[in-house]
Amino acid sequence: MKGNKKHWYDCLWIVTPIYLGLGFFNILFAWLGMIFFCLPLLISIFGGGKLYCNRYCDRGQFLSLLGGRLKLSRNRPTPRWMRSQAFRYGFLVFFFLMFFQMLWTTYLVGAGARDLGEFVKLFWMFRLPWHWAYHGTIFAPWVAQFAFGFYSIMLTSTLIGVIVMVLFKPRTWCVFCPMGTMTQLICRLRVGKHTEEGEKAHGGEGKAGGGAFEAAGQ
Amino acid sequence: MASKRYAQVGEHCVACGCCVKVCPLGAIQVWKGVAARVDTDRCVGCGKCAGECPAGTISLKARVETV
């Protein structure tokens, strides 16, 4: 039987409320979110696979806690359209477009073409006043603008995660999480590369066999 | 004695690892971040992974008896 030993990383769910809470009082803490953005990519690039999603993802743990242990989820199957590849990759593209739009706004503020917007944009549409979280800093205004934009993304994606958690399964967000999609793409590229190298080196025996493991379709 | 069913992972696995956490026998692992894989020898077909999978990509298959 598999042991139920607790690990330090099982408590990482606490990071989500702490991050959102810190951003409520000082928006510059939103920059910490870059860790959640870079770490999964770095782990998968350097051969760690989806270790971040599987073990260290604070949002995944947070949704599991709310939906699983606290039973806030209806635990219904995720709709077919939401599980489709079209939706998954479409959401990734949409997410990237919104991310680059946020970077563009940051650039405009940095260039002095636009004033700092002291608000958080929820669901990429609704302006939510957030002026209390910015007290002026020694940094340039674009630093704060980036923080507002990044916090908007983090808050919106957390809220989407919570909504789909309530409606469907606790970790339905993982099905179309842009970071998960990106890291899986990186892993697929790495495995493809290794398989090709293996085939060359072993004369066709490089296909990663699963032994007794039933291989998932790729 | 082998169970009558075993879990099978479909092609739309997102490798989130939810199934790994709930498997009571540790019969599933995420293979190189690409997809989950089931050790069919250890799997007893309890269906916990299928119930947990947010992508709905795990199904239970009947074992084919071999003589």
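What follows is a walk through two chains, A and B, starting with their overall make-up and then turning to a few of their helices. The model is a predicted one.

Chain A is built from nine helices and three strands. Starting at the N terminus, its elements come in the order α-α-α-α-α-α-β-β-α-α-α-β. Buried residues account for 44% of the 218 residues in this chain. Contacts in chain A often reach across the sequence: of those between residues at least 6 apart, 78% link residues at least 24 apart. The chain leaves about 12,000 Å² exposed, and 67% of that comes from carbon and sulfur atoms.

Chain B has its own recipe, with two helices and four strands. Followed along the sequence, these give the pattern β-α-β-β-α-β. Of its 67 residues, 49% are buried. When contacts with a separation of 6 or more are counted in chain B, 58% are between residues 24 or more positions apart. Its accessible surface is about 3,400 Å², with carbon and sulfur atoms holding 53% of that area.

Back in chain A, helix α4 covers residues 58–69. This helix has twelve residues and spans 15 Å from the first C-alpha to the last, close to the 16 Å expected at 1.5 Å a residue. Most of α4(A) is covered, with nine of the twelve residues buried. Those buried residues are Asp58(A), Arg59(A), Gly60(A), Gln61(A), Phe62(A), Leu63(A), Leu65(A), Leu66(A) and Gly67(A). The cover over them comes from several places in chain A, including α1, α2 (33–45), α3 (51–56), α7 (141–167) and α8 (173–176). Just past the end of α4(A) sits Lys71(A), which adopts a positive phi of about 55°.

One of the helices covering α4(A) is α1(A), which runs over residues 15–25. The two helices pack at an angle of about 110°, and their axes lie 8 Å apart. Angles of 65 to 115 degrees count as roughly perpendicular, so α1(A) is roughly perpendicular to α4(A). On the α1(A) side, the residues that meet the other helix are Val15(A), Thr16(A) and Pro17(A), while α4(A) brings Asp58(A), Arg59(A) and Phe62(A). Sorted by type, the residues of this contact come out as three nonpolar, one polar and two charged. Asp58(A), Arg59(A) and Phe62(A) also appear among the buried residues of α4(A).

Further along chain A comes helix α6, made of residues 85–110. With 26 residues, α6(A) reaches 37 Å from its first C-alpha to its last, close to the 38 Å expected at 1.5 Å a residue. Its buried residues are Arg88(A), Phe91(A), Leu92(A), Phe95(A), Met98(A), Phe99(A), Met102(A), Thr105(A), Thr106(A), Leu108(A) and Val109(A). An α-helix has 3.6 residues a turn, so residues three or four places apart point the same way. Just after α6(A), Gly112(A) takes up a positive phi of about 85°.

To finish, here is a single residue of chain B. Val22(B) belongs to helix α1 of that chain, which takes in residues 18–22. Its relative accessible area is 24%, so Val22(B) counts as partly exposed. Ala50(B) lies 28 residues away from Val22(B) along the chain, and the C-alpha atoms of the two are 9.8 Å apart.

Key: Residues numbered from 1 in each chain as written. Chains lettered and ligands numbered in written order. Predicted model: local features only at pLDDT ≥ 70, side-chain atom pairs only at ≥ 80, totals over all residues. Heavy atoms only, no water. Axes fitted to C-alpha atoms, helices over the stretch in contact; angles between N-to-C directions. Parallel < 35°, antiparallel > 145°, perpendicular 65-115°, else oblique. Contact = heavy atoms within 4.5 Å. Nonpolar A, V, L, I, M, F, W, Y, C, P; charged D, E, K, R; others polar. Buried < 20%, exposed > 50% of the residue type's maximum accessible area, 1.4 Å probe, protein only. Areas by Shrake-Rupley, 256 points an atom, 1.4 Å probe, with all protein chains shown as cover. Expected span 1.5 Å × (residues − 1).
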